[in-house]
Amino acid sequence: MKLDPILTKAVRSARKGKYDEAIKTLEVEANRYYGSYTYYYLLGVSYLYSNIFGMALTYLRLASEQKKKRDPQALLGLAALYLNHGDTDKAVDLYLEIQSIDRSNKIAARALAIIKKHPSPENISAWIDSGKLHTLFPLFPKADAARSTVVLSIASVAAGVLLALGISLQAGFLFWPTGAGQRALPAEFELSAEERNFPLQTGGGYRFTLTAHQVLEHYEEARRLFLAYRDEAARVSLNRILESNASEPVKNRARILIAYMEVPGFNTIHASDRFTYTQVVQEPLLFQNCHVIWRGTISNLDAGHNHTTFDLLVGNEVRRLEGIVQVDYNFAIAINPERPVEILGRVIPVYGERRIRIQGIDFHQAAHLGFN
């Protein structure tokens, strides 16, 4: 695998077992690699081998979302995390999905054999406690630093030309303006006849139980919203599908659609899609990875050279305090804890708990910014 010097350095550290060193190398480059599958995957697996499972889950999920077609390596990491958490059913689903993509995947086959041999929660827990879970972790790639940046330079020039022509490049697909203020979608976003006829799966436990009509309705609603550049509202409909009894083929269509969504700015989120703190905490999984804009005051500020973390007291002087949420930025920001702040960030449900944190993307704080 050809990697640039920074990612190569991280991989070499990780392959020597220096996972903390790899994490430090990667964390400070969050802005440089925003939206990069390879970056998220390497950081997620580094956290996985460091047994920092919460952060591993966050980054492996991000990695999985970047690919139009789900990548077996990221899925292996997610499956191991679900297995460690005791969610064997979800782990099995992922291992089976991996085999459907890569029939020769030895780690998935070994994992399914282990689960079959230790079918009860007590038995699989004892196996995990024996320290063998790492044998099911995905591997780090062998890295060779790219010898030239010519390809990157050409790509940058090409991107500039495309943007000058009014064409945007997102997730490897060209979205051409249609002249009607909407995106143009390829055929892969259309459900097949079989998917429409059999949109449900049987068995298992799900957060939302939908009828066949509701699954199709939510998917079509998501497509309509996506075409209108309302990604956040579309994501809510797709999250409902992903947490439901919808069939795996339909869920895969939902994941593909999510992979094409754009990171918004303060001025690009539709007014109807500015979800409140109260809405989000009632159903965190519905709003997973949605972007929100919230105002409030801050406390417990922790600012470093490559990170900024604080608790946001969401609310204003007109409305009472809605709640408190932790906000994390993977970069340093100049912030005055005495003044209100407006943050733009991504919702991350805290695994196994009914609460959330926010992965910060941008923020506003000016002398005139106040509550109104």
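Here's a quick tour of the cores, one helix and the barrel in this predicted model.

**The two cores**

Start with the largest nonpolar core, which has 52 residues; Y39, Y41, L83, Y95 and L136 touch the most other members. Eight helices, α1 through α8, each put in at least two residues. The top contributor is α3, with ten residues. That fits a broader pattern: in soluble globular proteins, nonpolar side chains tend to be buried together.

L83 is a handy place to look around. Leaving out residues up to four places away in sequence, L83 touches T88, A91, Y95, I115, I124, I128, L133 and L136. There's also a second, separate core of 47 residues, with L210, L216, V250 and I333 among them.

**Helix α6**

Which residues of α6 are buried? They are T88, A91, L94, Y95, E97 and I98. The cover over them includes α5, α7, α8 and α13 (248–259). The length of α6 checks out too: at 1.5 Å a residue, its 14 residues should span 20 Å, and its end C-alpha atoms are indeed 20 Å apart.

**The barrel**

Five strands close up into a barrel, running β5-β6-β7-β9-β8 with mixed pairing. From one strand to the next, the twist averages 50°. Take β6 and β7 as a sample: they run antiparallel and are joined by seven bridges. Across that pair, L312 stands opposite V325 in β7.

Here are those two strands side by side:

| Strand | Residues |
|---|---|
| β6 | residues 308–314 |
| β7 | residues 323–329 |

Note on methods. Residues numbered from 1 in each chain as written. Predicted model: local features only at pLDDT ≥ 70, side-chain atom pairs only at ≥ 80, totals over all residues. Heavy atoms only, no water. Core = buried A, V, L, I, M, F, W, Y, C linked by side-chain atoms within 4.5 Å. Buried < 20%, exposed > 50% of the residue type's maximum accessible area, 1.4 Å probe, protein only. Helix = DSSP H or I, 4+ residues; strand = E, 2+ residues; numbered from the N terminus. Contact = heavy atoms within 4.5 Å. Pairing = 2+ DSSP bridges. Axes fitted to C-alpha atoms, helices over the stretch in contact; angles between N-to-C directions. Expected span 1.5 Å × (residues − 1).
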